[in-house]
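Please open the structure in a viewer and keep the selection tool at hand. The tour below proceeds by selection, stating at each stop what is to be found there.

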Amino acid sequence: CNHVLLGDCVKELDRLDTKSVQVDLAFADPPYNIGYSYDVYDDRLDDGSYLSWTESWIKAVTRVLKPSGTMWVAIGDEYAAETKAIAQKAGLVLRNWVIWYYTFGVHCTRKFSRSHTHLLYFVKDPGRFTFNDGPIRVPSARQLVYNDARADRRGRVPDNTWILRPQDARGGFHADQDTCYFPRIAG
């Protein structure tokens, strides 16, 4: 296909003929239903309506995924567990539940401010999918901290909590900054 479809995601996906179009990778970042002010979308649906809508777009995406296809979903705390269950009911298998930690979240005054998003990584077939780890590898502690000759020269696959840490960005953190990293003590 190699083009962008503009419109309601469920309607556009339902129009696709899976004999001629199949998707390798889908990334969904749906509204979180937290009352955010969009121009044309009501982000204050009741739970039943929001979850019904979530089920419809997950089913639509699942239908067009290749047998070896992958879907990532970015979702907030309020519906992460339900989204996982809906995706599994639609036939997808959870590979990872990644937490993306950031410091520029939604400001809150009556509870702790948001500082993370859930990234749910699903595959259609747990025995047949693509995972290109080469471009995402980071230096390991064995390489950076211990200079251990046994370290894999390619680095390691990142953890399932995504945050920039000093050992992942040599020279990126300085003593006069307000970011501290204290590794756990082994032994």
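**Stop 1: Tryptophan 72 and its ring partner**

Select tryptophan 72, which is buried, with a relative accessible area of 16%. The model on display is a predicted one. Next, add tryptophan 162 to the selection; this residue is partly exposed, at a relative accessible area of 34%. The structure holds 9 aromatic pairs. Tryptophan 72 and tryptophan 162 form one that is tilted, with 6.0 Å centre to centre and 40° between the planes. Tryptophan 72 belongs to strand β2 (residues 65-75) and tryptophan 162 to strand β5 (residues 161-162), so the pair ties together parts that are 90 residues apart in sequence.

**Stop 2: The sheet**

Display the strands as a cartoon. In what order do the 5 strands of the open sheet lie? The order is β1-β2-β4-β3-β5, and the pairing is mixed. The edge strands are β1 and β5, each of which pairs on one side only.

Now select β4. This strand is mostly covered, 7 of its 8 residues being buried. Its contacts with two other strands can be inspected in turn:

- β2 and β4 run antiparallel and are joined by 6 bridges. Select methionine 71 to find its bridge partner in β4, phenylalanine 122; for threonine 70, the bridge partner in β4 is valine 123.
- β3 and β4 also pair in the antiparallel sense, over 8 bridges. Select valine 93, whose bridge partner in β4 is valine 123.

Valine 123 thus appears as a bridge partner of threonine 70 and of valine 93.

**Stop 3: Salt bridges**

Turn to the charged side chains. Side chains of opposite charge can pair when their charged atoms come close. How many salt bridges does the structure hold? It holds 10.

Select arginine 114 and glutamate 78, whose side chains meet in a salt bridge at 2.3 Å, N to O. Arginine 114 is in the loop between β3 (93-101) and β4 (116-123), while glutamate 78 is in the loop between β2 and α3 (80-89), so this pair ties together parts that are 36 residues apart in sequence. Arginine 114 is buried, with a relative accessible area of 14%, whereas glutamate 78 is partly exposed, at 31%.

Proceed to aspartate 148 and arginine 150, a salt bridge in which the closest N and O atoms are 2.7 Å apart. Arginine 150 is exposed, with a relative accessible area of 62%. Then select aspartate 159 with arginine 156: the closest N and O atoms of this salt bridge are 3.2 Å apart. Aspartate 159 counts as partly exposed, at 39% relative accessibility. Finally, select Glu55, Lys59 and Lys89 together; a network of salt bridges links these residues.

**Stop 4: The tyrosine-containing cluster and patch**

Select Tyr36, Tyr38, Tyr41, Tyr50, Trp53, Trp57 and Tyr79, which ring pairs link into a cluster. Within this selection, focus on tyrosine 38, located in the loop between β1 (23-28) and α2 (47-64). Is tyrosine 38 buried or partly exposed? Its relative accessibility is 37%, and tyrosine 38 therefore counts as partly exposed.

To finish, switch to a surface representation and select Ile34, Tyr36 and Tyr38. These residues form a nonpolar patch on the surface, with about 300 Å² of accessible area together. Tyr36 and Tyr38 consequently belong both to the ring cluster and to this patch.

Definitions and conventions:
Residues numbered from 1 in each chain as written. Predicted model: local features only at pLDDT ≥ 70, side-chain atom pairs only at ≥ 80, totals over all residues. Heavy atoms only, no water. Patch = residues over 30% accessible without salt bridge, like charges linked within 9 Å, V, L, I, M, F, W, Y side chains within 5 Å. Areas by Shrake-Rupley, 256 points an atom, 1.4 Å probe, with all protein chains shown as cover. Salt bridge = Lys/Arg side-chain N within 4 Å of Asp/Glu carboxyl O. Helix = DSSP H or I, 4+ residues; strand = E, 2+ residues; numbered from the N terminus. Buried < 20%, exposed > 50% of the residue type's maximum accessible area, 1.4 Å probe, protein only. Phe/Tyr/Trp six-rings, centres within 6.5 Å; stacked < 30°, edge-to-face > 60°. Pairing = 2+ DSSP bridges.
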